[in-house]
Amino acid sequence: MDTAADISQVTDAAREAARVLAGATTHAKNRGLEAIAAALVERADQILAANAEDMARGRAEQMSDGLLDRLALTKDRLRSIADAVLEIVALPDPVGQVVRGSRTDIGLRVTQERVPLGVIGIIYEARPNVTIDAASLAIKAGNAVILRGGSAAQASNRVLIEVCRDALTSVGLPADAIRSVDEWGRAGARAMMRARGAIDALIPRGGAGLINAIVEESRVPVIETGTGNCHLYVDASADLEAAEAIIMNAKTQRVGVCNAAETLLVHADIAQRFLVAAITRLTTAGVTIHADEATRAIVDGQPSIDADMIVPATEADWETEYLSMDLAVRVVESVEEATEHIRRYSTGHTEGIVASDVSAIAAFRAGVDAAAIAINASTRFTDGGQLGLGAEVGISTQKLHARGPMGLAELTTTTWIYEGEGTIRP
């Protein structure tokens, strides 16, 4: 099988579809998205049956609870995914938006306008919701998308892509706006990474191993979505009740996501009062605490805390994105020590502080470098839908082109247009 030739046919079809979408009206693109949202609900039984195959295989292969959670679809989740598509319908179309405009001294009228990227490739793991998020955002921004969803979700993604392509065809849009290379497996992914000139941008979404491999091997420009070793710092000035609620939400609401908290830093002045209560709740909920020496000294012998749920923290713990019911905990002497720790171990995703002292908040903001900073709020809000962007294609942790949740605007580039009246350069 000539994988390169086969993928070339896929990219050629996607480029033609992208050309059509680039000229499509907002109304036409929205009709396509509405058809996708309706089809997700109408064909839910077919989608869930396929997902059940993937889940059974994942359990047989002893996939982690966090990854199984990402893989799982339910009727409620499908309905939420469909609702997210309709939220994208309601968002302004970025294509044609004027970023800035001016008139030069010699009379040229100059505008910088948003235009589609073209063909976007997305390689991701065990996340069937990404199939819909990526496809919907790409279409609204006038792009075609080529997907590689990984073997863990192969049955789910096959049906989801079929549902989306059928929906687009039903309203007169090209089905090839959504293509997949899953049938070619890893060879298909490698061919995508070598399709420079045919794929305009490649977005990896998954674990550190996947992301690093694509960044290092791809000849196609990569928009890097990083891992989430997210920290929450509880300052001496914090509302401790609020801090307790925030860390519970940030750690336990969904453990297998990149915006879950993985390390808790607590100011020494309130460590005794805060940690006993917070760790009692966390361990009761099933969280294993990887505690530094100061934390262990505080919780040792506390009757409300199961000692078996406390383990000594190692250097590796500070570097780990657990994606599980595990949390590293350290006591620090100041906001400066907290930010120093974060600078050393952060992946640049989301860093949070709970504090009422404005100087502490200012020091934290100045001291950390991240795509998102949460102030008196859970790290779980670093999400396109939660921040008003609709769905997202990923959280970019790099600094070029896009940073943070990648919504519609981040899936466009710009064109400079200047108009004269027979004007020549002096």
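**Group meeting: the cavity and the cores**

Hi everyone, let's start with the empty space: the largest cavity has a volume of about 100 Å³. By cavity I mean a set of points, on a 1 Å grid over the protein atoms alone, where a 1.4 Å probe fits but cannot get out; points are joined across faces, edges and corners, and the volume is the space filled by probe spheres set on them. This is a predicted model, where local features need pLDDT of at least 70, side-chain atom pairs count only at pLDDT 80 or more, and totals for chains, interfaces and linings use all residues. Residues are numbered from 1 along each chain as its sequence is written, and side-chain values use heavy atoms, with hydrogens and water left out.

Which residues are the closest to the centre of the largest cavity? Of the 15 that line it (an atom within 4 Å of a point), they are Arg 127, Arg 205, Gly 206, Gly 226 and Cys 258.

Now to the cores. A nonpolar core is a set of buried Ala, Val, Leu, Ile, Met, Phe, Trp, Tyr and Cys residues joined through side-chain atoms within 4.5 Å, with buried meaning under 20% relative accessible area (1.4 Å probe, protein chains only). The largest has 76 residues, of which Leu 40, Ile 122 and Ile 178 touch the most other members. Helix α7, residues 154-170, gives the most to this core, with eight residues; helices here are DSSP runs of H or I, at least four residues, numbered from the N terminus. Beyond four places in sequence, Ile 178 is in contact (heavy atoms within 4.5 Å) with residues including Ala 135, Val 145 and Leu 168. Apart from this core lies another, of 31 residues, Leu 232 and Val 329 among them.

Key
On a 1 Å grid over the protein atoms alone, a cavity is a set of points where a 1.4 Å probe fits but cannot get out, and a pocket is an open set with protein on both sides within 12 Å along at least five of seven lines; lining residues have an atom within 4 Å of a point. Buried means under 20% relative accessible area, exposed over 50%, partly exposed in between (1.4 Å probe, protein chains only). Helices (H or I, at least four residues) and strands (E, at least two) are DSSP runs, numbered from the N terminus.
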